[in-house]
Amino acid sequence: MLESEPYVHVIALDFSKAFDVVRHSTLFSKLASLPIPDHIFGWLLDFFQNRSHRTKFNSSLSQSLEINSSVVQGSALGPVMFIINSSDLMSVVPGNVFVKYADDVYLLVPASNTPRIAEELAGIDHWCLTNNQKLNVSKSAELIMRRKGCRAPIDPPPTPGIGRVTSLLMLGVVIESNFSFSAHLSRTISCASQSLYALKVLKNSGLPQLALSRVCSATLVSRLSYASPCWWGPIGVEDRQRLQGVLNRAHRWGVSWPSTLNITDICTRADKSLFKNVVSNSAHILHRLLPPPVTHAHNLRQRTHNRSLPVRDTFTKLNFIRRMLFNSGD
């Protein structure tokens, strides 16, 4: 959107008790329209039916009441059922886009549609009324995204009832209005320091070195490199040194083994692994972002993909797909 618009509204929508209030009748009417085998539909119906609830206080026990809503938050089926239930939440204004992952829902509105945000929110309210959901506007937030270094002369007017912020926590990654990830790295390093302290306690408690290294990999390293394909490209040398500093400290404290871990190697492997999956799997969510394949009659340097290389510019060169297209042969 920012290739043609001066700014984009990113509105993070919060639904009150989203999983708990999914109405079974509404959910199964949507499931019935999907091309799933009858025995799978019957199994799902059996899983959600005949659930009840009783409350015990001291020696008193309430009567049993049937549960006719909730997709059992914490179950394996919960997120999938919520995704199906919210599949008909679509934009009413052309050009606006919903991005959804379970109950994390974001509305993207380009600058040209700013005057019609109220119309879009009215459509969301109508969907909530039909689907037994409630939009919690006090916990919803709006972020204005711009190209890094670009400043619009006047900020768009605030969306009534929704607070405006300078950064958003989206699926565990802090994204700032100018695509900077400094706040995310500060948060990541702070959380990693807590993990590092816990590892030191485990070491002092006598946990064997091999087990300690495995815990370090599963906690500290995973936390530092979480979603790295999203932010590894745009961050600078100083930020990469801050991340490496945490791993160096882990080595000095003797909680990583056998040698110092390298954050560049870790994130580069994550980049290549994700890109390989994107290229080889046409059903991957990112596959549609790839440029079309290209064939050459002449012999060129071998690459790991057969995609055409797009025109490189300063705005998109650090985008994951763009930078992997150019760097995958390294």
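## Overall architecture

The secondary structure of this protein consists of 10 helices and 11 strands. The structure is a predicted model, and every value in this report was computed from it. Taken along the principal axes, the box filled by the C-alpha atoms is roughly 65 × 60 × 45 Å.

The protein has 330 residues, and 37% of them count as buried. Contacts between residues at least 6 apart in sequence show how the chain is brought together: 61% of them join residues at least 24 apart. The surface that the protein exposes is about 19100 Å², with carbon and sulfur atoms supplying 56% of it.

## A covered helix

Helix 1, which spans residues 24–31, is mostly covered, since 6 of its 8 residues are buried. Which residues of helix 1 are the buried ones? They are H24, T26, L27, F28, K30 and L31. The list thus includes the lysine K30 beside residues such as L27 and F28.

The cover over these buried residues of helix 1 includes three further helices: helix 2 (38–48), helix 3 and helix 4 (117–130). Helix 3 comprises residues 77–85. As a general point, an α-helix has 3.6 residues a turn, so residues three or four places apart point the same way.

## Charged side chains and salt bridges

The protein carries 35 positive and 22 negative side chains. The centres of these two sets lie 9 Å apart. Side chains of opposite charge can pair when their charged atoms come close. Across the whole structure, a search finds 6 salt bridges, and three of the pairs are described here.

One salt bridge joins R164 and E142, with the closest N and O atoms 3.0 Å apart. R164 belongs to strand 9 (residues 163–165) and E142 to strand 8 (residues 141–145), so this pair ties together parts that are 22 residues apart in sequence. The partners are not equally accessible: R164 is partly exposed, at a relative accessible area of 31%, whereas E142 is buried, at 0%.

Another salt bridge is formed by D155 and R146, whose closest N and O atoms are 2.7 Å apart. Here the acidic partner, D155, is exposed at 51% relative accessibility, while R146 is buried at 11%. A further salt bridge links E119 with R116, where the closest N and O atoms are 3.0 Å apart. In this pair, E119 is partly exposed at 37% relative accessibility, and R116 is likewise partly exposed at 34%.

## Loops and backbone geometry

Most residues other than glycine have a negative phi, and most peptide bonds are trans. Against this background, N58 has a positive phi of about 55° although it is not a glycine. N58 sits in the loop between strand 3 (56–57) and strand 4 (60–61). Is N58 buried or exposed? With a relative accessibility of 64%, N58 counts as exposed.

V72 also has a positive phi without being a glycine, at about 60°. Where in the chain is V72 placed? V72 is in the loop between strand 5 (65–66) and helix 3 (77–85). The relative accessible area of V72 is 24%, and V72 is therefore partly exposed.

A further loop residue, K148, is located between strand 8 and strand 9. K148 is exposed, with a relative accessible area of 58%. The C-alpha atoms of K148 and S177 are separated by 8.4 Å, although these residues are 29 residues apart along the chain.

## A nonpolar surface patch

Which residues make the nonpolar surface patch of about 210 Å²? The patch is made by M1, V97 and V99. One of these residues, V99, is found in strand 6, which covers residues 97–101. V99 is partly exposed, with a relative accessible area of 39%. Because a residue needs over 30% relative accessible area to be part of a patch, V99 meets that condition at 39%.

Conventions:
Residues numbered from 1 in each chain as written. Predicted model: local features only at pLDDT ≥ 70, side-chain atom pairs only at ≥ 80, totals over all residues. Heavy atoms only, no water. Patch = residues over 30% accessible without salt bridge, like charges linked within 9 Å, V, L, I, M, F, W, Y side chains within 5 Å. Areas by Shrake-Rupley, 256 points an atom, 1.4 Å probe, with all protein chains shown as cover. Salt bridge = Lys/Arg side-chain N within 4 Å of Asp/Glu carboxyl O. Helix = DSSP H or I, 4+ residues; strand = E, 2+ residues; numbered from the N terminus. Buried < 20%, exposed > 50% of the residue type's maximum accessible area, 1.4 Å probe, protein only. Contact = heavy atoms within 4.5 Å. Lys, Arg positive; Asp, Glu negative; His and termini not counted. Charge placed at Lys NZ, Arg CZ, Asp CG, Glu CD.
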